[in-house]
Amino acid sequence: LLNYGYAILAAMVLREILGAGLDPSIGFLHHRRGTAYPLVYDIMEPFRPVVDHAVISFVHRQRRSLHNRTAMLRTSVVRRFRNALRAVATTPEPWSRRRTSLPTLIKQLLDQYKSRVLPLDRMS
């Protein structure tokens, strides 16, 4: 579920990066390997605890149905988790005191990134 949650988060971040007009293949903390986009992993890093929280909360709520190990492979479990993660991402708590959703926080981070990094590119 963590890997699946991180994949959903990466897709959200990639969508916002492309919407902001940035090149996802240029990162600072991560290097390009294969078809991966380093900037996606750089930007999603501070939001990983949101996914961790969603997984822990989901498993806690679903512990009876998840007790059977074969249930982990069922698509219904994955579907329920995806819906739970979507609910966590669109609900501002627990990570924002400003009552902001996760996509809005990602946009704000990208705006800060653009205002600080892009002027350096223009100087050269």
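Here is a short walk through one helix, its partner and a few charged side chains. Keep in mind that the model is predicted.

Let's begin with helix α1, which covers residues 2–19. How do we describe the way it packs against another helix? Two packed helices are described by the angle between their axes and the distance between those axes. For α1 and helix α3 (residues 48–61), the axes come within 9 Å and cross at roughly 135°. That angle is why α1 counts as oblique to α3. The crossing has a hand too: α1 passes α3 in a right-handed way. If you want to find the meeting place on screen, look for L2, G5, Y6 and L9 in α1, which meet R48, V51, D52 and V55 in α3.

One of those α3 residues, R48, deserves a second look. Its side chain meets that of E45 in a salt bridge, with 3.4 Å from N to O. The structure holds just 1 salt bridge, so this pair is it, given that a salt bridge needs a nitrogen and an oxygen within 4 Å. Is R48 buried or exposed? R48 counts as partly exposed because its relative accessibility is 21%, and buried would mean under 20%. E45 is partly exposed as well, at 35% relative accessible area.

Now back to α1, where you'll find E16. This residue is buried yet has no salt bridge. Which side chain of opposite charge is nearest to E16? That's K107, 4.1 Å away, and the cut-off is 4 Å, so the pair doesn't count. Leaving aside residues up to four places away in sequence, E16 touches P103, I106, K107 and L110.

Key:
Residues numbered from 1 in each chain as written. Predicted model: local features only at pLDDT ≥ 70, side-chain atom pairs only at ≥ 80, totals over all residues. Heavy atoms only, no water. Helix = DSSP H or I, 4+ residues; strand = E, 2+ residues; numbered from the N terminus. Buried < 20%, exposed > 50% of the residue type's maximum accessible area, 1.4 Å probe, protein only. Lys, Arg positive; Asp, Glu negative; His and termini not counted. Contact = heavy atoms within 4.5 Å. Axes fitted to C-alpha atoms, helices over the stretch in contact; angles between N-to-C directions. Parallel < 35°, antiparallel > 145°, perpendicular 65-115°, else oblique. Left-handed = near helix turned anticlockwise from the far one by under 90°.
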